[in-house]
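I set aside some time to page through this chain and keep notes as I went. Here is the entry, written for a colleague who likes to see the numbers.

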Amino acid sequence: MGHRTAASQSTAPEAAQRTGQASKSAAAAGSRTSGSGHAERVFLVQTAFAELGGSAHGPGEIAEFTGLDDSVVYRILQSGIYQRIFERVDRGLYRLRTSAAQLAFTALDHRLDGAQTVLAELREASDNGLVFLYMVAPFSGAQRQCVDMAVGDSDLAELGMTPRDVLSVTRSLRTGASGRTILAYLPEVLQQRVLAEPVPEQAGPGVYRDNDALLASLAEVRDLGHALGYEECMAGWNSCAAPIMWDGAIMGAVLLLKQKTVMPEAPDSVIEATKEAAAVLSRHGAAGPAHS
């Protein structure tokens, strides 16, 4: 079929348990905050907009997701409108303002200082592999975008990577090692949205077309801390990816790409180098203020 995996088999009860995991976690988070400060409840509401996806949501939907009372959510939304965090787009429907996205871009820029050096070191450690940095797309929690790369003097067009590949195939989280790496750590509600998407027409012969096999591969990614891709995005190219985690949340992935003829199997040295690059970028994102 093209892809290879050693993912463990899941029983029906285990699958059911995973299905309800996100909602239970949200409810538990809501119960934990019943006696906590206002700020934590505000953060819960903001997080709900990101994890629920879609363009707008009502107080009832957010309350159910977070476990907070409807009245508490409504007051937070009204206050957030005044503070320019939320905006009302229709009767009873709200969404995050674009200023929230601007804050995210600013934070992303600061946290990725030095990323090019990390990517270049991985390229050298992998004997001139092509290295890409993918981050979760800021306007959609179920897509990714390439924000940096280390490819040396390589001409991507001559290597068979067209703009269509970059804009369509590698945007999907169900294709490629980096896509599945990000998908493995997303909330279940976003995973289901991705599983409902069609496989991009330009995907490679090794792409996961069966959703059960794709889900099994996500469990393997979480167990191993990396993903291996065999001609998933493009024919003739194999890959290795590792997750970038900030404050316990998935933010992106480092991808190492090499031609199949050069790397029929990713050696341990390449896997470890890719994981180390992702770990460094994860530490950059989670770094707190310097202490003397």
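The notes below go from the whole chain to single residues.

**Entry 1: the whole chain**

I began by noting that this is a predicted model. I then looked up the secondary structure and found 12 helices and seven strands. The chain has 292 residues, and 44% of them count as buried. For the accessible surface I got about 15000 Å², with 53% of that belonging to carbon and sulfur atoms. I also checked contacts with a separation of 6 or more: residues 24 or more positions apart account for 64% of them.

**Entry 2: salt bridges**

How many salt bridges does a search of the whole structure find? I count four, and I wrote down three of the pairs.

My first note is on arginine 95 and glutamate 87, whose side chains meet in a salt bridge at 2.8 Å, N to O. Arginine 95 has a relative accessible area of 35%, so I list it as partly exposed.

My next note is on glutamate 276 and arginine 283, where the closest N and O atoms of the salt bridge are 3.3 Å apart. Glutamate 276 counts as partly exposed because its relative accessibility is 43%. Arginine 283 also counts as partly exposed, at 48%.

Then I turned to arginine 180 and glutamate 232, which form a salt bridge with the closest N and O atoms 2.7 Å apart. Arginine 180 sits in helix 9 (residues 176-184) and glutamate 232 in the loop between strand 5 (227-230) and strand 6 (237-246), so this pair ties together parts that are 52 residues apart in sequence. Are these two residues buried or exposed? I find that both arginine 180 and glutamate 232 are buried.

**Entry 3: around glutamate 232**

I stayed with glutamate 232 a little longer. Its relative accessible area is 2%, and because buried means under 20%, the label fits. The side chains of glutamate 232 and arginine 180 are also joined by a polar contact of 2.7 Å. Which residues does glutamate 232 touch, not counting those up to four places away in sequence? My list includes Thr175, Gly176, Ala177, Arg180, Tyr208 and Trp237. Also among them are Ala203, Gly204, Gly206 and Val207.

The residue before it in number, glutamate 231, caught my eye too. Glutamate 231 has a positive phi of about 55 degrees although it is not a glycine. I place glutamate 231 in the loop between strand 5 and strand 6, and I list it as buried, with a relative accessible area of 14%. I noted another positive phi at asparagine 128, about 70 degrees, again not a glycine. Asparagine 128 is found in the loop between helix 7 (115-125) and strand 3.

**Entry 4: nonpolar cores**

Next I asked which residues of the largest nonpolar core touch the most other members. The core has 29 residues, and the answer is Leu130, Phe132, Ile182, Leu183 and Leu186. The elements that give two or more residues to this core are strand 3 (130-136), helix 9, helix 10 (188-195), helix 11 (211-224), strand 6 and strand 7 (249-259). I also found a second, separate core of 24 residues, which includes Leu122, Leu133, Trp246 and Val254.

Since helix 10 came up, I checked its burial. In helix 10, Glu188, Leu190, Gln191, Val194 and Leu195 are buried. They cover an arc of only 160 degrees around the axis, so they lie on the same side of helix 10.

**Entry 5: two buried residues**

I looked up tryptophan 246, which lies in strand 6. Tryptophan 246 counts as buried because its relative accessibility is 5%. From the C-alpha atom of tryptophan 246 to that of histidine 284 I get 8.5 Å, with the two residues 38 apart along the chain.

My last stop was isoleucine 271, in helix 12 (residues 268-286). At 9% relative accessibility, isoleucine 271 counts as buried. What is isoleucine 271 in contact with, leaving aside its neighbours within four places in sequence? I find His226, Leu228, Cys240 and Ala266. I also noted that the C-alpha atoms of isoleucine 271 and serine 126 are separated by 9.2 Å, while the residues are 145 apart along the chain.

Note on methods: Residues numbered from 1 in each chain as written. Predicted model: local features only at pLDDT ≥ 70, side-chain atom pairs only at ≥ 80, totals over all residues. Heavy atoms only, no water. Buried < 20%, exposed > 50% of the residue type's maximum accessible area, 1.4 Å probe, protein only. Helix = DSSP H or I, 4+ residues; strand = E, 2+ residues; numbered from the N terminus. Contact = heavy atoms within 4.5 Å. Areas by Shrake-Rupley, 256 points an atom, 1.4 Å probe, with all protein chains shown as cover. Polar contact = N/O pair within 3.5 Å; in protein donor to acceptor, adjacent residues only side chain to side chain. Core = buried A, V, L, I, M, F, W, Y, C linked by side-chain atoms within 4.5 Å. Arc of directions from axis to C-beta.
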